[in-house]
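Visitor: Please show me how to read a few features of a model.

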Amino acid sequence: MPNDNDNRMGWVRNLEVLASACRQYTVEYELGSECRIPGLLDYADGKIICAAMSTEESRDGLWLYNLVVHYPLGPHNHNLTADEKGYYFKDGILGELLALMSLFFRCRFYFISSRLLPGNPSMGMTIKREYPFVRVKCNPGIHPPLFESHNKNLATNFKEFLDAVRNLDKKLHQDFILACHHYARAVKEVGVDSEMVFIRLVSAIEALSKNVKLNRKDDALEEQEIANLLAQSTLLPEHKKELQESFNNRKSRKKFSCFVEQHSSGFLKGGNFKARRLKIRRADLGDVLKTIYTARSKYLHAGEPMFLSQPIKGGDKWDTDPTSGMIADNRAFTASQKLPYAYFFEGLVRHCLLNYLKANLASHGSSVSQQVFAFGSNMCSGRFRAYGVSPEGAGRAAVLPGHHLLFNKRSTDDKSGKANVAAHAGSDVWGVLFSVPDGDLHKLDKGEGGYQRVRLSLRLMDNAITDAWVYIAKKPQDDPALRPYTWYKRFLVEGAREHSLPAEYIAELERIEAVPDTNEQRDRQKRALACRAAS
């Protein structure tokens with residue numbers, strides 16, 4: 001008989017019940033975090049709301065937030081068809097939301113208190129309950145990313161993240177929320193128990209990697225061969241089960257490594273570093289993962305100590321400390337036993353979980369939106385769509401602070417000057433913020449030859465801060481004679497008008513010195529491209 005249980009996360013099912021519930025009640029949760037996250041989250045028409053409660057830190061050194069969640073009022077029927085593989089999360093809807101917030105914002109959230117708000121005052125007074133939580137104040141230098149507040153805003157991107165989680169196949173909800181839960185628990189161990197940070201992070205990956213299919217290249221002893229051997233043996237059923245479990249456990253490290261290598265794309269950065277041996281390259285990743293997994297297993301099953309990289313002042317850009325080995329008491333640790341910094345592994349695990357979410361949405365016909373800031377000819381919707389991208393809705397006016405507009409990128413096609421931005425104190429560059437499907441980024445990368453895509457912070461019209469991809473010239477030219485063509489200037493001016501940028505800025509664009517294109521055919525083709533998006 002097929003399993004018809006709805007195995008999606010509790011908060012997702014709760015939203016659907018609320019859509020048809022006549023009576024509701026509200027619970028306000030007070031949360032604390034070391035990170036300051038501005039903005040307002042208003043999700044599902046006010047059914048989930050979150051915003052900061054104060055403009056300064058509390059006496060405990062936490063920024064306080066108010067999370068409001070609506071619930072249906074009335075009897076709840078027990079699912080009499082539930083089975084042993086049905087969905088269960090011990091921390092309920094609040095725990096799900098806190099785990100998802102921790103993963104998305106890369107910070108720690110502490111549950112401080114709750115207050116029940118009846119829908120009707122005649123139903124009784126509000127009830128507030130406080131909850132103890134464990135937090136050890138620590139030096140932010142031991143794990144810098146957890147204590148950084150920039151590029152975090154409740155009003156931008158988190159809605160899309162929640163939408164992405166809702167759109168996951170229901171068969172994946174249990175494993176994904178468990179992975180998020182282990183991640184959230186891991187970051188709370190920072191400054192408390194260094195070994196538990198690694199243990200929880202490995203568990204976060206294992207919640208998902210258990211479903212990885214290995215082939216003969218990954219494991220010479222294929223599962224089917226073991227199954228055939230067990231079927232032919234005369235062992236008792238319980239002994240066969242023990243052997244099968246032992247075989248599965250033996251494969252778990254390989255599945256762990258395969259999962260991370262598959263979903264870590266984009267995390268390991270190239271480049272030149274003064275201390276190259278302290279940066280982990282992709283070629284080293286397999287050995288590093290093996291070291292982490294082995295250390296975790298020996299710690300849990302044999303009580304063996306871990307050899308942890310120790311934080312060093314000025315080493316926050318490194319992946320591991322510079323020691324090649326260590327002697328502690330009468331124990332000698334070799335370089336091959338040394339684990340990377342916790343913030344390297346935590347960042348890697350978080351990256352893998354987010355990539356896993358994107359990959360599974362893509363396989364089910366959904367996608368995660370990416371924000372792209374256009375400041376040059378791409379402000380013109382027609383020009384932007386010519387790359388083959390499909391913007392999700394109309395573009396929005398936004399400003400890139402601390403930068404100025406230049407035309408110092410020499411076109412490889414027509415040798416004219418193309419738009420670029422560079423850091424410049426006191427200056428602002430206005431532009432258009434587009435949302436595009438994740439899969440469209442490679443089309444832009446291909447179309448924007450000579451540019452590199454970087455992540456920068458923008459300011460929206462309501463003063464909210466968000467981050468977006470910005471294309472900046474790889475090799476800007478120091479040539480004062482470089483000028484844009486008049487047809488190119490037209491894209492900027494009409495694109496700015498199309499998206500209602502400030503009149504003063506449009507006037508600045510109109511004053512840009514441009515030159516005619518001597519290639520008349522190209523000039524006609526470019527001018528024929530309409531700026532306003534087709535309705």
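Guide: We take a barrel, a helix pair and backbone angles in turn. This is a predicted model, where local features need pLDDT of at least 70, side-chain atom pairs count only at pLDDT 80 or more, and totals for chains, interfaces and linings use all residues. Residues are numbered from 1 along each chain as its sequence is written, and side-chain values use heavy atoms, leaving out hydrogens and water.

Visitor: In what order do the strands of the closed barrel run?

Guide: Strands of a sheet pair through backbone hydrogen bonds, parallel or antiparallel. Here, five strands close the barrel in the order β11-β13-β12-β14-β15, with mixed pairing. Strands (E, at least two residues) and helices (H or I, at least four) are DSSP runs numbered from the N terminus, and two strands pair if DSSP finds at least two bridges between them. β14 (451–460) and β15 (465–473) are joined by nine bridges in the antiparallel sense.

Visitor: At what angle do α2 and α3 pack?

Guide: Axes are lines fitted to C-alpha atoms over the stretch in contact, with angles from 0 to 180 degrees between N-to-C directions. Helix α2 (92–105) and helix α3 (158–166) pack at about 125°, their axes 11 Å apart. The two are therefore oblique (not under 35 degrees, over 145, or 65 to 115).

Visitor: Where is Ser-500, and is Ser-500 buried or exposed?

Guide: Most residues other than glycine have a negative phi. Ser-500 has a positive phi of about 55° and lies in the loop between α12 and α13. Its relative accessibility is 57%, so Ser-500 counts as exposed (over 50%; buried is under 20%, partly exposed in between; 1.4 Å probe, protein chains only).
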